[in-house]
Each structure stands twice: as C-alpha cells, then as structure tokens.
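Subject: Structure for your review

Dear colleague,

Please find below the structure that I am handing over to you, together with its sequence. My notes follow it.

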Amino acid sequence: MNIKEQILIIEDHKALRILMSNFLKRRFNVKTTAGGYEALAWMNEGNIPDVIILDINLPMLSGVELLNNIRISGFFQDIPVVVVSGEEDGKTIEKCLEIGINGYMKKPFNPYNLQKKILTILKNKQSIKI
C-alpha cells in the first residue's frame, strides 16, 4: 500500500487555495487552511504534514510569524516549508530565508512547478532518512 504524503496549504485567498488543493490532491493528501492560527491548531492536534505551502500575507498571524513559530517548535521545526507569495518586499523574503524555508515561488506560478518543488523536497527528505 502506497501512503500519500500530507501537504498543508496555508493560503487566505479562497480561489487560489482551491486551485492548489485540486491540483495537488491528485498526488498528495491535502489539508488547507485560510490562516496561521487555523494551521497551528490543526498541527497541534497531532497532524504533522510532510510539506507546508505558506502564503506570507495572511490575516491576523502573518506567514513570517507562523514560519517563526514553526521553526522554534520542537515538534514542527523540521517540516519543509515552501513560501508561495506575491510579496515584492525583498526584506520579507530575506527574513523568511533567515528563519528557514525550503523554497520560494512568486505568484502567479505554474502548479506543475510547485508540484515538482514538493517532489524534490520529499525526495531529499527520504534520502536524509536512509
């Protein structure tokens, strides 16, 4: 039996969240949330995704704040995070790189490129475990 990897998409724009989910669920188990607090609550229930797709501009808890929470957590710190954002501010992107991300894709993006990035991260994650 082949178990699909779990992808967590954190994106506040509903249409983009649905688009990414519909595309990626052909290959992965996908959980979506509209914000950081909802994502943290889901993970704190014991759900550990294999990869997180994170928008930077989120309501209430920003993507940068959420990323920081993930990286300082003993449970979630090793989860690969790909930032997908329309953010133009180089300082924000630089901050994400400092905190620790595994990839960055600028909106708009090709969903096939996102899937390819996820597969590369998962492949590298598997080779580290061996």
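The notes below deal with the strands, then with one helix, and then with the aromatic pairs.

Please bear in mind throughout that this is a predicted model.

Strands β3, β4 and their neighbours

I begin with strand β4, which comprises residues 81–85 and is mostly covered, with 5 of its 5 residues buried. The burial concerns both of its faces: Val81, Val83 and Ser85 lie on one side, while Val82 and Val84 lie on the other.

Which strands pair with β4? Strand β3 (residues 51–54) does so in the parallel sense, over 3 bridges. Strand β5 (residues 103–106) also runs parallel to β4 and is joined to it by 4 bridges. On the β3 side, Ile52 stands opposite Val81 of β4, and Leu54 has Val83 of β4 as its bridge partner. Between β3 and β4 the chain passes through helix α3 (residues 63–72), and this β-α-β crossover is right-handed. On the β5 side, Val84 stands opposite Met105. The chain goes from β4 to β5 by way of helix α4 (residues 90–99), in a β-α-β crossover that is right-handed.

Strand β3 is likewise covered on both faces, with Val51 and Ile53 buried on one side and Ile52 and Leu54 buried on the other. β3 pairs with β1 as well, in the parallel sense and over 4 bridges. In that pairing, Ile7 is found opposite Val51 of β3.

Helix α3

Helix α3, the helix of the crossover from β3 to β4, has these buried residues: Gly63, Val64, Leu66, Leu67, Ile70 and Arg71. They span an arc of only 160° around the axis, so they are on the same side of α3. An α-helix has 3.6 residues a turn, so residues three or four places apart point the same way. What covers the buried residues of α3? The elements that do so include β1 (6–10), α2 (36–44), β3, β4 and α4.

Aromatic pairs

The count of aromatic pairs comes to 2. One of them joins Phe23 and Tyr112, whose ring centres are 4.8 Å apart with the planes at 85°; since an angle over 60 degrees counts as edge-to-face, the pair is edge-to-face. Phe23 belongs to helix α1 (residues 14–24) and Tyr112 to helix α5 (residues 111–129), so the pair ties together parts that are 89 residues apart in sequence.

Is each of these two residues buried or exposed? Phe23 has a relative accessibility of 10% and therefore counts as buried, whereas Tyr112, at 54%, counts as exposed.

Phe75 and Phe76 also form an aromatic pair, with 6.4 Å from centre to centre and 55° between the planes, and this pair is tilted. Phe75 counts as exposed because its relative accessibility is 72%. Phe76 counts as buried because its relative accessibility is 5%.

When you open the model, I would suggest starting at β4, where both faces are covered, and then turning to the pair of Phe23 and Tyr112, which is edge-to-face.

Yours sincerely

Key
Residues are numbered from 1 along each chain as its sequence is written. This is a predicted model: local features need pLDDT of at least 70, side-chain atom pairs count only at pLDDT 80 or more; totals for chains, interfaces and linings use all residues. Side-chain values use heavy atoms; hydrogens and water are left out. Rings of Phe, Tyr and Trp (its six-membered ring) pair if their centres lie within 6.5 Å; planes under 30 degrees apart count as stacked, over 60 as edge-to-face and the rest as tilted. Helices (H or I, at least four residues) and strands (E, at least two) are DSSP runs, numbered from the N terminus. Buried means under 20% relative accessible area, exposed over 50%, partly exposed in between (1.4 Å probe, protein chains only). Two strands pair if DSSP finds at least two bridges between them. A crossover is right-handed if, with the strands pointing away from the viewer, the path from the first strand over the helix to the second runs clockwise. The arc is that of the directions from the helix axis to the C-beta atoms. Contact means heavy atoms within 4.5 Å.
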